[in-house]
Structures are given as C-alpha cells and as structure tokens.
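Colleague: Could you talk me through this one and tell me what stands behind each label?

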Amino acid sequence: VMPEQNSLGDNQVRASDGMTVFFVPAGIFDMGAAEDDPDAADDEMPQHTVTLDAFWVDQTEVTNAQYAFCVEQDGCRKSLIAGNPSYNGSKLPVTGVSWQDAFDYCDWAGGRIPTEAEWEYASKGKDNSIYPWGNEFNGNFLNFCDVNCDEEWADTTIDDGYTESAPVGSFLDGASWVGALDMAGNVWEWVWDWCGAYSANLQTNPHGSQSGNCKIIRGGAWASPQAGVRTTYRMIGSAEISPTIRHPNIGFRCVMDVDGE
C-alpha cells in the first residue's frame, strides 16, 4: 500500500521528543535576496533557482526540555549554559550548543540539521516573502531588538515582552507559510552548510560548500535588527561562528526526510 500523499498543512508529532513537525512540499524557489531588496547584503546574492524534495520541518526551535531528555538518554552532551537560569526555562530554546551538538540531537531525534536551502524555503516559500509571514515588517510578530534591547539599532517603538529569548511558539502571528514558528528572531539557528558564496547556477537539494571554517546561522535572534531577521539574511561573517562555538543566542531546529525517498 502506498503511503497517502502529504500536503501543505499536514503535521505530526515526532515520537522521540514530542516535537510537532510540519510538511514542506517539494518545490522550486528563488533562493537569496532580490536585487531590489534595499536591505540585501552581498552574500545574499545572486538570487538563484533551487529545486527541493519534500521534507518535514520542526514547528519550533528545539527546547531545553527536549534537549535535556536527549542528554538523559546519552544522545547529547549538556549545553554549555545549562546552569544559567536566564536561558534554561523548559520552553525556552536550547542554546549554548555547538553545530555538532545540534547534529547529534537531530540524529538522536530521527532527523537532521536543515540545509540552508531547506531552512530558507521553509521560511519564505515560493512567494519569496521578505519575512516568514509576508513582505511587511511587523514588530509584534517576533522577538527581535526592541525597547528591551540595548543595541544601538534597537526599535524602541516595539515592546515584544522579552529581553532575551522567549518561550518557543510565543509569536503565532509570525508563522511561515508551512506553519513553522520563530523562523525570524528569538535565537539564531544552525544550518548544515559551511560558509560560502552563492552560485548563480540552477541547483537541486544543494548542501553548500564542501568545507570551511564557519557554519552558517539563520533567522536572527533577540538582539537582531529588522534587516537581520529577513528570510534571506545569512550570518556567515567569520570564524566567530566556528562550528564549535556554544553561544547563548544560537539554537537550532531539525528537519526530517519524507519516508520512502
């Protein structure tokens, strides 16, 4: 018996960790920023056409509670900041985890780290939306650098209610086209790819550069400005984001292949 075809909006709960995962249909999209995006950085271009197979994406960033269960099961090592109460509410996203820690968790849970292309597609879809929810910025739809943030780029007209990370799923209005939450703001998310420039070529299920000295992080965090939470923004700046860094504002989510592919 062939499995029923999944479609947009379908979701299921992953037995290993209780994460709700949403179906992302196969598709073709334009990866990277459009040339008319005034906020686009050079490393977000050239925009190029990518074809992806279907996959499942975690609804939220992995939480401390979920990660702690993996640690208990000897599937993961403890977060570097597991003892810091500011970041360790059970529903807060786990942070203080390296790229390998994220890899190990996703593997334990029955998934994997998303490729950069998968991450961007789950965030912006075929319509190339600038933010997960659409093209108009709305500071009430995410946890970013607002009045509670002491950076010079803080948007003091917005109070999202959080100085640092927020419990996952706190901003339901910020959902992406597939139902993924917190794709903009809250905490940065590790993706599979090594740092590298985009190619203009057509690509299918790309995995980025074969090697490098830093891994890309996506989605922005609680201290990010509006431009840094766009669906195409990529932090590839430097060895500061070496795969071994365990930073209090970098977390992750997983994806899962569609069975039988």
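What follows is a short exchange on the terms used for this structure.

Modeller: One caveat up front: this is a predicted model, where local features need pLDDT of at least 70, side-chain atom pairs count only at pLDDT 80 or more, and totals for chains, interfaces and linings use all residues. Residues are numbered from 1 along each chain as its sequence is written, and side-chain values use heavy atoms, with hydrogens and water left out.

Colleague: What makes Cys70 and Cys76 a disulfide?

Modeller: The cut-off is a pair of cysteine sulfur atoms within 2.5 Å. In Cys70 and Cys76 the sulfur atoms are 2.0 Å apart, so the pair counts. The whole structure has four disulfides.

Colleague: And why is the disulfide of Cys70 and Cys76 called right-handed?

Modeller: Because the torsion about its S-S bond is about 80°.

Colleague: Which strands make up the open sheet, and in what order?

Modeller: Four strands, ordered β1-β2-β5-β11, with antiparallel pairing. Strands are DSSP runs (E, at least two residues), as helices are (H or I, at least four), numbered from the N terminus.

Colleague: Why do β1 and β11 count as edges?

Modeller: β1 (11-13) and β11 (255-257) each have a single partner strand, so one side of each lacks a neighbour in the sheet.

Colleague: How do you know that β1 and β2 pair?

Modeller: Pairing takes at least two DSSP bridges between two strands. β1 and β2 (residues 20-24) have three, in the antiparallel sense, so they pass. Gln12, for example, has Val21 in β2 as its bridge partner.

Colleague: What does helix α3 touch on the sheet?

Modeller: α3 (residues 116-124) touches β2, β5 (55-58) and β11. Contact means heavy atoms within 4.5 Å. The direction of α3 makes about 75° with that of β5; axes are lines fitted to C-alpha atoms, for helices over the stretch in contact, and angles run from 0 to 180 degrees between N-to-C directions.

Colleague: What is unusual about the backbone?

Modeller: Most residues other than glycine have a negative phi, and most peptide bonds are trans. Asp74, not a glycine, has a positive phi of about 60°; Asp74 is in the loop between α1 (64-72) and α2 (99-109). Met45 and Pro46 are joined by a cis peptide bond, with omega about 5°. Pro46 is in the loop between β3 (27-31) and β4 (48-52).
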